[in-house]
Amino acid sequence: MSRKIKIFDTTLRDGEQAPGFSMDLHEKLDIARQLERLNVDIIEAGFACSSKGDFAAVSEVSVAIKNSAVASLSRCVEKDIDSAREALKNAAAPRLHLFIATSERHMRAKLRMTPEQVLENAVKSVTYGKRFFEDVQFSAEDASRSDVEFLCKVFAAVIKAGATTINIPDTVGYMTPTEYYALVKNVIGNCEGAEKVTFAVHCHNDLGMAVANTLGGIAAGASQAEVTLGGIGERAGNAALEEVVMALHTREKSTDASTRVDTRQLYRSTRLLSAVTGMPFQPNKAIIGKNAFAHESGIHQHGVMADRETYEIMTPESVGIPKNSMILGKHSGRHAFIERLEQLDIHLSEEAVNTAFESFKLLADKKKIISDKDIHALTENNSSSEDGPYSLSSFVINSGNTIDATAIIKLKNQDTIVQKVAMGDGPVDAAFKAIDEITGKPFELVNYSLNSVTEGGDALGEALVRVTANGKFYTGRGLSTDIIEASLKAYIAAANKCLAENGDD
């Protein structure tokens, strides 16, 4: 029987701190529910004391999630702990996550505290937190650059005060796998009370070694891995959940470790994150990239056709990538659609099913057959360009290599149709400028990408847009067999998010 490794997902906290990856409350709830379906052990929902938005997110996620623990980050400060307690009051399994820096550089330059003061503060905070939480995690920020003797001293003291999980973060992604293995092994072997707690690892990817370091820490005895979907996070990001999980899943015999994660939900989880943030993953991304299971070399293709295991150490199905089986069309009814959702293990509310079915029927009028990948795309994010004051009524665009592009855009705002005409460097630029004129909110386009959901001339196109306004980022996603229409829907979705937050004026 292999050791069970707990998966602590911090996509909604550390992941969201990365520039451009901010999410609204609705999107955080979507991600949290999917993480629960993924079967992660702990969901870090935010930093409750840092803002009203984070407090609301932690609170709402706590209510929505029943089968995973929900954690809130907290400094070793009483007001932070009180805020976390209030936000987590309705959680089925609440966890307080306390942290304080322990490296000489951080204590001197950032905290302006002596080691003795840090130790006293850590113990005092764990003791206070233990009054309200059974499950208290303590993290030593910048542990990988801390004096090991002092680190063990702090850990022993907080264990005695009631901490149940001890985290050894490589906060700045500084270590190599052999160094990190040695650190974790040293701490576990020399920390008084180590047998009473769970040891965790939290690795950043500044030198591209977050996953390797995480696996090294697990090999050294840690039994909790802190990760994010797609590896998003501060600077170069964190260890990628899907990579850590599949490494343990695929190499369980050699690592003697496994997780309770439902690996068939990995593809859908990362696709949802991409839809929510407007950030597509690179094609060669391990596990969930477009090319992860693609074979172009003739030698590779021949080998795979003879025996898939010649070049595939895992199957697409094992991570939830649909086979693209063609089973539905315009004559398919609601019952067949819902049955296919169940077969694909897609769980939606009744309202979301109604919305998805309407989108399915519209798509079925344009395509002869609907694939599983189409269905995944239609159901990945419940928010759309319709969730706000504006929706697309019609568009006409004139473009060519000898004329300036002109767009005539009509948007519906409640019962009113508003039309504007704009010129631009191309059809998309002209259309976006016309939308800016209608909404009265000129955006700066930060990222724009188009992806084909499936193959063929009638493929469903997915547009992802990220814009900035008022110093904040907003993302939008649009789907259509017409890439211009998909682009317009994505831009309108981003505009609606901005207007919902700042008011339609």
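## Salt bridges, cores and cysteines

Lys 433 is partly exposed, with 37% relative accessible area. Keep in mind that everything here comes from a predicted model. The partner of Lys 433 is Asp 429, and the two form a salt bridge whose closest N and O atoms sit 3.3 Å apart. Both residues belong to helix α16 (residues 427-439), four residues apart, which is about one turn of the helix. Asp 429 is also partly exposed, at 27% relative accessible area.

How many salt bridges are there by this rule? The count comes to 23. Side chains of opposite charge can pair when their charged atoms come close. Here are three of the pairs, with their N to O distances.

| Pair | Closest N and O atoms |
|---|---|
| Lys 28 and Glu 16 | 3.3 Å |
| Asp 80 and Arg 75 | 2.7 Å |
| Asp 429 and Lys 433 | 3.3 Å |

The Lys 28 and Glu 16 salt bridge, at 3.3 Å from N to O, links distant parts of the chain: Lys 28 is in helix α1 (residues 25-38), while Glu 16 is in the loop between β2 (6-9) and α1, twelve residues apart. Lys 28 and Glu 16 are both buried.

The salt bridge between Asp 80 and Arg 75 brings together two kinds of surroundings. Asp 80 is buried, with a relative accessible area of 0%, whereas Arg 75 counts as partly exposed at 35%. There is also a network of salt bridges, which links Arg 13, Asp 14 and Glu 44.

On to the nonpolar side. Which residues have the most contacts inside the largest nonpolar core? They are Phe 138, Phe 155, Ile 166, Ile 168, Val 187 and Leu 241, in a core of 90 residues. Helix α6 (residues 148-161) gives the most to this core, with nine residues. For a look at one member, take Val 187: leaving aside neighbours within four places in sequence, Val 187 is in contact with Val 148, Leu 151, Cys 152, Phe 155, Ile 168 and Phe 199. A second, separate core has 30 residues, including Phe 443, Ala 490, Ile 492 and Ala 495.

Cys 152, one of the contacts of Val 187, leads to the cysteines. How many disulfides does the structure hold? The number is zero. A disulfide is a covalent bond between the sulfur atoms of two cysteines. For Cys 152, the closest cysteine sulfur is in Cys 191, 5.5 Å away, and that is too far for a bond. Cys 152 is buried, at 9% relative accessible area. The sulfur of Cys 76 has its closest cysteine sulfur in Cys 49, 13 Å away, so a bond is ruled out here because the distance is too far. Cys 76 also counts as buried, at 7% relative accessibility.

Back to helices for the last stop. Why is helix α15 (residues 372-379) largely enclosed by the rest of the structure? Because eight of its eight residues are buried. The buried residues include charged-type names such as Asp 372, Lys 373 and Asp 374, along with Ile 375, His 376, Ala 377, Leu 378 and Thr 379.

Helix α17 (residues 483-502) contains Asn 496, which is buried with a relative accessible area of 0%. The C-alpha atoms of Asn 496 and Pro 389 are separated by 6.5 Å, although these residues are 107 residues apart along the chain.

How values were computed
Residues are numbered from 1 along each chain as its sequence is written. This is a predicted model: local features need pLDDT of at least 70, side-chain atom pairs count only at pLDDT 80 or more; totals for chains, interfaces and linings use all residues. Side-chain values use heavy atoms; hydrogens and water are left out. Buried means under 20% relative accessible area, exposed over 50%, partly exposed in between (1.4 Å probe, protein chains only). Helices (H or I, at least four residues) and strands (E, at least two) are DSSP runs, numbered from the N terminus. A disulfide is a pair of cysteine sulfur atoms within 2.5 Å. A salt bridge is a side-chain nitrogen of Lys or Arg within 4 Å of a carboxyl oxygen of Asp or Glu. A nonpolar core is a set of buried Ala, Val, Leu, Ile, Met, Phe, Trp, Tyr and Cys residues joined through side-chain atoms within 4.5 Å. Contact means heavy atoms within 4.5 Å.
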